[in-house]
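Student: I'd like a close look at one part of this model: how its interior is packed. Please start from a single side chain and work outward.

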Amino acid sequence: LARSPIAREASIEVLEQIADKRSTIYIAITVVGLWAAIRRLARFHATSSAGEIAMVAVVVAGILGAVNANYDNSRVVYPTGLPDGETLADLAADAPNSTIANRWSTFLALGDLLDTKQLVLPSNRSLETYFDYMSDLELTFEDYEFQLSDTHPLLGGEWKFDRLITAEQHLVVIGEGDSYRYYEARGHLFVIAEAVW
Amino acid sequence: VVVELVIILTMTLAGWSVAMLAGLDRINSSATVLGSPLLGTAVSVLASAVMLALGFGIQIWLHLAVLGVLLFAAAVHLIRAPTPWRPLILLTQSMVVAGSSIALLSASLRPVLTHDSYRFIMLGRMASAGDLEMSEAMLADYPIGGIQLQFLAAALEGEFLVYTAPVAGLLGLIGGVLLILNPDREPIPRGITFALSVASAMIVATSYMLRLQLSLLNSHVMVAGFVTFGAAIALAPLHRSSRRPVLMTSALMLGALALSRAEGPFIVALILIALAASETAHKRDWVPLSLIVLAPALIWYLRMIQSGGTGEILSPARVVVLLVAIAAPIVLISTTRLAILRQHTAALSTGAATAVLILVAVIKPDGTAVSTAHLISNLSVSGLWGVVWWLVLPLAGVLAIAAPPIRNEKPWLIVLLGFAVLIVVLGAVRDFPYRLGFGDSGNRMATHILGLAIGFVIAKMRPRPDDATQMNSST
C-alpha cells in the first residue's frame with residue numbers, strides 16, 4: 001500500500017488536514033477524555049463517581065468545541081441557520097450545489113409557471129419523472145419527432161422561461177396555453193405551447 | 001410543521017401500541033417513551049416495503065389499517081392490564097416529547113436538502129401518485145426507509161418531511177442506549193444521566209455534522225436509531241422477563257434497518273453475529289427473530305431481483321450478496337450449539353474480518369488506502385464532526401483495552417469493530433473511493449454507529465455492583 005502513488009497522495013492530503021489548527025484544540029479534548037478514562041481505570045471513582053468524571057470530560061469537550069465551532073461553520077457548504085419559512089423551490093434555488101440549484105430548482109419553477117397544465121412527451125424520453133413529480137404537469141405520451149433543427153420556426157416564439165438544467169443545457173418555455181409539447185433543439189429542452197405548434 | 005406533527009404523533013401511537021403488546025413498558029418506561037416514535041416508523045417502513053413488493057403500492061389506507069389493528073390489540077391488552085392508566089401516561093409523555101422536539105427543531109434549524117433529499121421527495125411523490133414500482137432504478141439506490149415518510153407527506157398534501165426522521169431516530173437512539181444500559185430497572189447513577197444530557201446538548205450544538213443531521217432530509221439519524229435499538233437484543237444483559245419485549249422491538253428495528261440503507265443488511269448481519277456471542281442469546285428467540293427480520297427483507301429484495309431493478313449501488317448480483325449476508329448468521333446460529341457459538345464467535349468473526357480486510361487490500365490496494373485515509377481525515381477534521389470522534393474513539397479504545405470487562409462485552413466489540421471494518425471494506429470495494437468532506441458516504445455512515453460507541457463508553461465507565469460495594473467499604 002505504501003508504494004501506491006494514490007495512497008501516498010491521499011496520506012499527504014490527510015496529514016495536511018490533520019495539521020489544521022483545529023487539531024490542536026481537539027487533541028486537548030482527547031487528553032481530557034483520556035484523563036477521564038484513566039481516572040476510571042485507576043478506580044478513583046470509589047470517591048468520585050465515573051459519571052461526574054465523564055461529565056467533566058464532555059463539558060470541557062463541549063466548551064473547547066464551541067471555541068472552534070465558528071471556524072467549522074465558516075467552512076460549511078450547507079448552512080444550518082434559523083429557518084425562514086422556505087418552500088421547496090426556495091431551498092432548491094438557494095442550494096450551494098449547482099446540480100441541485102439548476103436541475104431541481106428549474107423543474108420546480110416550471111411547475112409554478114405552468115401550474116398543472118398538460119404536457120405531451122415523446123414515449124421514449126426519460127424526463128417523465130421530473131416533469132411529473134417535480135413540475136406536477138399532466139403528462140400524455142405520443143410517438144412524434146421531437147428533435148427540431150436549430151432554425152425551426154417553432155423556436156421563433158416568445159421565450160417565457162429560460163433556466164439552466166445543467167451547466168450547458170437550458171429548459172425553455174415558448175408561448176402560453178393549456179397544453180404544451182416537448183421538443184429538443186440547440187442542445188436545449190423546449191416546452192412549446194399548443195398555440196405555437 | 002403541521003404535517004410533521006401529524007405524522008410523528010401517528011408514528012408514536014403505532015410505536016406505543018407495539019411497545020404495549022411487547023411489554024416494553026414493564027421493563028423500561030424511558031425506552032418506551034423515547035422509542036415509540038421510532039418503533040412506529042419501523043412498522044411503517046416494514047409495512048410499506050411489503051405493500052410495494054407485493055404489488056399493492058404504498059397505500060395510506062393500508063397504513064391506517066395497520067395502525068387500527070395495532071391500536072385495537074393494544075386497547076384489548078390495556079383493558080386486561082391491572083393499571084391501564086400507566087401506559088396512557090407513557091403515551092402522553094411520548095407524544096409530548098416527540099411533538100415538542102419537532103416544534104423545537106423546526107423553529108431552530110433550517111431544512112438542509114442535498115441531491116439525495118430530492119430523490120427521496122421524488123420517490124415519495126411517485127408512490128403517492130401510485131406510480132412507484134419495484135422496477136424503478138432509484139429504489140436500488142435508496143431503499144424504502146425514509147421514502148415512505150415522503151410518501152406520507154405527499155399523501156397529506158405536504159411538500160416534504162425533514163424533522164420527523166431525525167426526531168424519531170434521535171429519541172430512539174437515546175431510548176436504545178437506555179434500554180441496553182438499563183434493561184431491568186437498575187437505576188442509572190445521576191452523574192451518568194447528567195453527563196449524558198450535557199454531552200448530548202453540548203456536543204450536538206458544537207458539531208456541525210451532528211447539527212446538520214437534525215435538519216437534513218435523509219435517513220441517517222433514523223438508521224442510527226434502528227442500529228442502536230436493534231442492537232439491544234445482542235447487547236443488553238437480558239433476564240428472562242425482559243427477553244420477549246427486547247426481542248420484539250429489536251427485531252422490528254433490525255427489519256426496518258435492512259430496508260433503510262443499501263448496506264443495511266450487512267449491519268443487521270453484524271448484530272446477528274454479535275447475538276451469537278451474547279451471554280443472553282437463547283435458541284427460542286431465533287424463530288420469531290428470523291421471521292420478523294428476514295421475511296420483509298426477503299420479500300423486498302427477491303422482488304427487486306425479479307424486477308431486475310439496477311441502480312448505481314445495487315444490482316441483482318449485489319442483492320444476492322446482501323441476502324446471503326443476512327441469512328448466513330441466522331442459518332449458522334440455528335444449526336450450531338449455543339455453547340459453541342458463545343465460545344468461538346468472537347474469535348471467528350475477528351479472523352473473518354481480518355481476512356476480508358487483507359483480501360480487499362490485496363485486490364483493491366488503491367481503493368483501500370485512499371478510502372481509509374479519507375475516512376480517518378473526515379472523522380478527525382475534514383468531516384466537520386468537531387470534537388465528537390476525538391472524544392469517543394480514544395475513550396472507547398482505552399476503555400476497551402484496559403478497563404475491566406463489562407458483562408456481555410464480546411458482542412459490543414463485535415458490533416463496534418465489525419462496523420469499523422465494514423465501513424473500510426465498503427469504501428475499498430466502491431467504484432469511487434471515499435472522498436474528503438462531510439458529505440462523503442463513509443463519513444455519513446459513521447453517524448449510524450455513534451450511539452452504540454457512546455453507549456459503550458458509558459457502559460465501561462458506569463460503576464458496577466462490586467464498585468458500589470468497594471465505595472461503601474471505603475466510607
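Tutor: Start with Trp300(B). In this predicted model, Trp300(B) touches Ala49(B), Leu52(B), Ala53(B), Met134(B), Leu139(B), Ile144(B) and Leu259(B), leaving aside residues up to four places away in sequence. Now widen the view. Trp300(B) belongs to the largest nonpolar core, which has 207 residues. Trp300(B) is among the residues with the most contacts inside that core, together with Phe131(A), Tyr301(B), Trp389(B) and Leu452(B). Note the chain letters: Phe131(A) comes from chain A, and the other four come from chain B. In soluble globular proteins, nonpolar side chains tend to be buried together.

Which helix gives the most to this core? The helix is H3 of chain B, residues 29-53, with 13 residues in the core. Three of the contacts of Trp300(B), namely Ala49(B), Leu52(B) and Ala53(B), fall within the residue range of H3(B).

Follow H3(B) to a helix it packs against. H3(B) and helix H4 of chain B, residues 60-80, have axes 10 Å apart and an angle of about 130°. That angle lies outside the parallel, antiparallel and perpendicular ranges, so H3(B) and H4(B) are oblique to each other. The crossing of H3(B) past H4(B) is right-handed. On the H3(B) side, the contact uses Val43(B), Ser44(B), Ala47(B), Ser48(B) and Met51(B). On the H4(B) side, Leu62(B), His63(B), Val66(B) and Leu70(B) meet them. Look at the spacing of those numbers. An α-helix has 3.6 residues a turn, so residues three or four places apart point the same way. By character, the residues of the H3(B)–H4(B) contact are six nonpolar, three polar and no charged.

Stay at this end of chain B for a moment. Ala19(B) sits in helix H1, residues 2-22. Its relative accessibility is 0%, so Ala19(B) counts as buried. Ala19(B) touches Leu24(B), Asp25(B), Thr32(B) and Leu39(B), again leaving aside residues up to four places away. Thr32(B) and Leu39(B) lie within the range of H3(B). For scale, Ala19(B) and Gly397(B) are 378 residues apart in sequence and 34 Å apart in space, C-alpha to C-alpha.

For contrast, take Gly130(B). Gly130(B) lies in the loop between helix H6 (115-128) and helix H7 (147-155) of chain B. At 58% relative accessibility, Gly130(B) counts as exposed. Its C-alpha atom is 9.0 Å from that of Phe56(B), although the two are 74 residues apart along the chain.

A second helix pair in chain B is worth the comparison. Helix H18, residues 365-382, and helix H20, residues 409-429, bring their axes within 8 Å and cross at roughly 130°. H18(B) and H20(B) are therefore oblique to each other, and their crossing is right-handed. H18(B) supplies Gly367(B), Thr368(B), Ser371(B), Thr372(B) and Leu375(B) to the contact. H20(B) supplies Ile423(B), Val424(B), Gly427(B) and Ala428(B). This contact divides into four nonpolar, five polar and no charged residues. H18(B) is mostly covered, with 14 of its 18 residues buried.

Check the backbone around these two helices. Most residues other than glycine have a negative phi. Leu384(B), just after H18(B), has a positive phi of about 60°. Asn408(B) has a positive phi of about 65° and is not a glycine. Asn408(B) lies in the loop between helix H19 (388-402) and H20 of chain B. At 2% relative accessibility, Asn408(B) counts as buried.

Last, chain A, which adds Phe131(A) to the core residues named above. Chain A has six helices and six strands. Buried residues make up 47% of its 197 residues. Phe131(A) falls within the range of helix H6 (128-134) of chain A. Asp136(A) is in the loop between that helix and strand S2. Asp136(A) has a positive phi of about 60°, though it is not a glycine. At 47% relative accessibility, Asp136(A) counts as partly exposed. Further along, Phe146(A) lies in the loop between S2 (138-142) and strand S3 (159-164). Phe146(A) counts as buried, at 9% relative accessibility. The C-alpha atoms of Phe146(A) and Arg181(A) are 8.8 Å apart, with their positions 35 residues apart along the chain.

Note on methods. Residues numbered from 1 in each chain as written. Chains lettered and ligands numbered in written order. Predicted model: local features only at pLDDT ≥ 70, side-chain atom pairs only at ≥ 80, totals over all residues. Heavy atoms only, no water. Core = buried A, V, L, I, M, F, W, Y, C linked by side-chain atoms within 4.5 Å. Buried < 20%, exposed > 50% of the residue type's maximum accessible area, 1.4 Å probe, protein only. Helix = DSSP H or I, 4+ residues; strand = E, 2+ residues; numbered from the N terminus. Contact = heavy atoms within 4.5 Å. Axes fitted to C-alpha atoms, helices over the stretch in contact; angles between N-to-C directions. Parallel < 35°, antiparallel > 145°, perpendicular 65-115°, else oblique. Left-handed = near helix turned anticlockwise from the far one by under 90°. Nonpolar A, V, L, I, M, F, W, Y, C, P; charged D, E, K, R; others polar.
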